[in-house]
Each structure stands twice: as C-alpha cells, then as structure tokens.
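Okay, thanks for making time, everyone. I'd like to walk you through one model today, so have a look at it on the screen and then we'll get going.

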Amino acid sequence: MTMDNLIYLDNGSTAYPKPQAVYDFMYEFYQKHGVNPGRSGYDKALETEEVVMSTRRMLTEFFNGTDPDRLTFSYNASDSLNQIIQGTLKKGDHVISTTLEHNSVLRPLYHLERDGFVEVTHIPFDRKGFVDPGDFRKAFKENTRLVIMNHASNVIGTVQPVEEVGRLCREKGIPFAVDASQSAGALEIDMQGMNIDMLAFTGHKSLLGPTGIGGMYTAEGVEIRSMRQGGTGVRSAVRTHLEEFPFRLECGTLNTVGVAGLYAAQKWIREEGLGNIHDREMALWDRLRKGLQKIDGVITYCAENHKDHIAILSFNIEGLEAGDVGTMLDVDYNIATRTGLQCAPLVHEGMGTYEILGTMRFGIGPFNTEEHIYTAIEAVREITSIKPATVAEIEQ
Ligand SMILES: Cc1ncc(COP(=O)(O)O)c(C=O)c1O
C-alpha cells in the first residue's frame, strides 16, 4: 500500500513505489556528489565516477556480461532499442522480430521499413503466448542481419525462449538483440548462456531505479555504430566520436542521479534475492489468476500457469470495455491498472483483442500484498455483477 492508500497494480508500466533505500541514496548522492564524473580529477568527481563504474560493474555481473565498459547508459529501453536497430542495420538488410514486441521495437523497425531501408519479418506467437524457435529458423534469409525480440511480454507476461533463438542466431552468425524491459530485475538474465549479443534494459521497471535511466550491454565482437556524437569528457582533441566503449554508445553528461538510483536498487535486489522477489510476485500472480478465472464473465489471456511467466496478467470482462473497467477500478476502488493496447498492438491483433480496444492489465510488484490481490479480485467480481445488460440480453 502506498501512502495515499492507492493499490498500485500498474508495475508493468513502472515499478512503484521503489525501495526506500533508492530514494534515500539518490537524494544523498546528489547532495554530496552532484558533479560531473569522468572529466576532472578532484575528489568529488572521482567519487561520482566510482558510483557510475560500480553500477556498470554490478549490472554487467547481473546480466553475466564480461566487460563493465560495455554496459552503456541511455535514457531508457526505447533509447537503447533505437540505438541497436539504427546502429546495426544497413540498407537492404532483413530483420526478424516478433508480434510480441512493444512499439519501442515495432516503430523504429516500421520507420526503416516504410522508408524502403529494410525488410522485416514478424514471427507470431501461439495460443499460449509463446513464439516457436523453429519459426525463426524458417524465416532466416541470406540478408538477415539482426534478430530482435522481447524477453517477457508487457501485455501477457509470457517469457520467450530466447536461449534457443539465440543459439540459432549464433549458428548463423546473426546478431541477436533482446528487449529485456520487462525481464531485467524480474528474471535471471545470462547474456552468455542465452547467446545474447545486445541486451536493452530500462531502469524504472523491475530494476527498481528511477525513470530517465536505461541502457544496454553489447557483447564483444558485435558491430554497432554510434548514433549520437558529442562530448565524452576525455580525449577532447579527437575530431570524431570515440570508438571505444562505453564512449561509443554514450555522449554528453550522464544522468548520474539515475545511475545512483540503479546502484542502490541493485544492492536492494541483491539483498532480497532476485529469485525470492520473483517467487513472491508469482505467488500473488497465481492467486490473482485463480481468483479472476473463477468469476463468470472474466476472460484471462495466456495465463494457464506460472511457468515461464512474469507477474503480469491481462484480462477482460465480457461486455465491458477495458477502459471502462479501468476507470471503475480507479474511481470506485482506488486501484491503479493499465488498460488498452499497452503499446503492443500486434499482441492484441494476435489475441483478437485489438478490435475490442485491448485488455485490462494488472502488473504485480515487490511491494504488493495478498490484501491488494484479494481487494482487486473482489473489485472485479463486483464490477462483473453490476455490469449493464447488453442489447442482446435486453431484447431476449
Ligand atoms: C516490452 C517493453 N519494451 C520496451 C518498453 C519501453 O520502455 P521505456 O518506456 O522505459 O523506454 C516497455 C515499457 O513499457 C516494455 O514493456
């Protein structure tokens, strides 16, 4: 429960609240170390740089990367996904992606496709919400230069077989990029074991940092061009942007307060244990799923069991629009959710929920409780029972 008694079940959009230690550390850090890192040799600048470097080290270890310099910061996942897509593709290339993608992947690809720059194949997901690695094998072409896919869906929460897809890409020598916006901080990610070449993450979801910070990890040997050039704080006499990491993919002053938030959040996640957080969230998810599935008129999507799932649940109430249900939950029950197409229109096309304007989405976070879940189930039960009669029912 938050201070205003809001039941926050919109953690798929952003995690809220963050651990208290994250707020405290950001405040203290900015007061004590609010200077520019990596540019000067005085103590405060070096101390600030040390927090940035420690965060690069922690996240590199967290994703099982090998070189902290290859952990580069950006604004958010969208920013890094643009960097990956625009920084690896050339005119005439073919890209494979999936229909599970967020607009942060769909739109950059669509723009390149619309402008006649690349050709895109979207692999569809099955009834349970998973893509089949075999479909990727069939989609490879001579000119396929990138496979980019979602790790965990922000609409239905299904976790995709990235390791198998990564293996196929390795065999073919095709760079493999993963959008870990929903999975980073929720699931273990092993870049090497999963054959991932580029991993994009955002700081404000399960990584439990603030908004405005995200980034990517680029494996050794991956060719990627810098999409922005500018100051790096070092070797100012060089005319071109520096090629070495992290400078290649960063320019200008970093969001150091955001990095500090990620630093404190990493410590918190490590103390709690990633697996413990996930197990707690999934136990609540299972309660929610079972509770909703017992209510007549509620349809849940791709939520058969908690295997290969994160704590996101999409559902609808027959005869009601998701937007209206969301408003009732908000106004009458003080429950925050996300409704509509959730920035992933192809998922809704695949599920047949596009025409009915999407779904309701509950996203569970580390600070949700059983009481929140029971209240949410009861709220949906009440809304379902008071739902207005349809025209067909009236005319019966
Ligand atoms: C799967 C997925 N990809 C990308 C994003 C974009 O993240 P951000 O808005 O932090 O850039 C989101 C956020 O909702 C997401 O869920």
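Let me start with a small puzzle: where in the chain is Pro-37 found? Pro-37 sits in a loop, the one running between α1 and α2, and α2 covers 43–62. Before I go on, please keep in mind that this is a predicted model.

So, is Pro-37 buried or exposed? Pro-37 counts as buried, because its relative accessibility is 6% and the cut-off for buried is under 20%. Who are its partners? Setting aside neighbours within four places in sequence, Pro-37 is in contact with Ala-45, Thr-48, Glu-49, Val-52 and Thr-256. Thr-256 is the one I'd point to: Pro-37 and Thr-256 are 219 residues apart in sequence, yet their C-alpha atoms are 8.1 Å apart in space.

That brings me to the chain as a whole. Among contacts between residues at least 6 apart in sequence, 69% join residues at least 24 apart. The protein chain has 12 helices and 13 strands. Its radius of gyration is 22 Å, and the globule rule gives 21 Å for 396 residues, so the chain is as compact as a globular protein of that length. If you prefer to think in box dimensions, the C-alpha trace spans about 80 × 55 × 35 Å along its principal axes. Buried residues account for 56% of the 396. On the outside, the accessible surface comes to about 17,600 Å², and carbon and sulfur atoms own 49% of that.

Now the part I guess you've been waiting for, the ligand. Which residues come nearest to the ligand? There are 13 residues around it, and Ser-78, Asp-179, Thr-202, His-204 and Lys-205 come nearest. By type, that shell divides into one nonpolar, 10 polar and two charged residues.

Let's go through some polar atom pairs. Asp-179 has a polar side-chain atom 2.6 Å from a nitrogen atom of the ligand. With His-204, a polar side-chain atom lies 2.7 Å from a ligand oxygen. Ala-77 comes in through its backbone instead: a polar backbone atom there is 3.3 Å from an oxygen atom of the ligand. How much of the ligand does the protein cover? On its own the ligand has 390 Å² of accessible area, and the protein covers 89% of that.

Next, a couple of helices. In α4, residues 103–114, the buried residues are Asn-103, Ser-104, Val-105, Leu-106, Pro-108, Leu-109 and Leu-112. What do they pack against? On the helix side there are α3 and α10, and on the strand side β3, β4, β5 and β6. After α4 comes Gly-116, with a positive phi near 75°.

The other helix is α7, residues 256–272, which holds Gln-266. You might expect a glutamine to sit out in the open, so why does this one count as buried? Gln-266 counts as buried because its relative accessibility is 1%. Leaving out residues up to four places away in sequence, Gln-266 touches Met-58, Leu-59, Phe-62 and Leu-207.

Last stop, some backbone oddities. Two peptide bonds to flag here are cis ones. One runs from Tyr-16 to Pro-17, with omega near -10°, and Pro-17 lies in the loop between β1 and α1. Another joins Phe-245 and Pro-246, with omega about 5°; Pro-246 is in the loop between β8 and α7.

Then there are positive phi values in residues other than glycine. Arg-235 has phi near 45°, and this residue is found in the loop between β8 and α7. Asn-195 has phi near 60° and is located in the loop between β6 and β7. Buried or partly exposed, then? Asn-195 counts as buried, at 13% relative accessibility, whereas Arg-235 is partly exposed, with a relative accessible area of 46%.

To come back to where we began: Pro-37 is a loop residue that counts as buried, and Thr-256 is among its contacts. Okay, that's me done, so over to you for questions.

Conventions
Residues are numbered from 1 along each chain as its sequence is written. This is a predicted model: local features need pLDDT of at least 70, side-chain atom pairs count only at pLDDT 80 or more; totals for chains, interfaces and linings use all residues. Side-chain values use heavy atoms; hydrogens and water are left out. A residue is near a molecule or strand if one of its heavy atoms lies within 4 Å of it. A polar contact is a pair of N or O atoms within 3.5 Å; within protein, one must be able to donate a hydrogen and the other to accept it, and residues adjacent in sequence count only if both atoms are side-chain atoms. Accessible areas come from the Shrake-Rupley method with a 1.4 Å probe; for residues, only the protein chains shown count as cover. Ala, Val, Leu, Ile, Met, Phe, Trp, Tyr, Cys and Pro count as nonpolar, Asp, Glu, Lys and Arg as charged, and the others, Gly among them, as polar. Helices (H or I, at least four residues) and strands (E, at least two) are DSSP runs, numbered from the N terminus. The radius of gyration is taken over C-alpha atoms; the globule rule is 2.2 Å times the number of residues to the power 0.38. Buried means under 20% relative accessible area, exposed over 50%, partly exposed in between (1.4 Å probe, protein chains only). Contact means heavy atoms within 4.5 Å.
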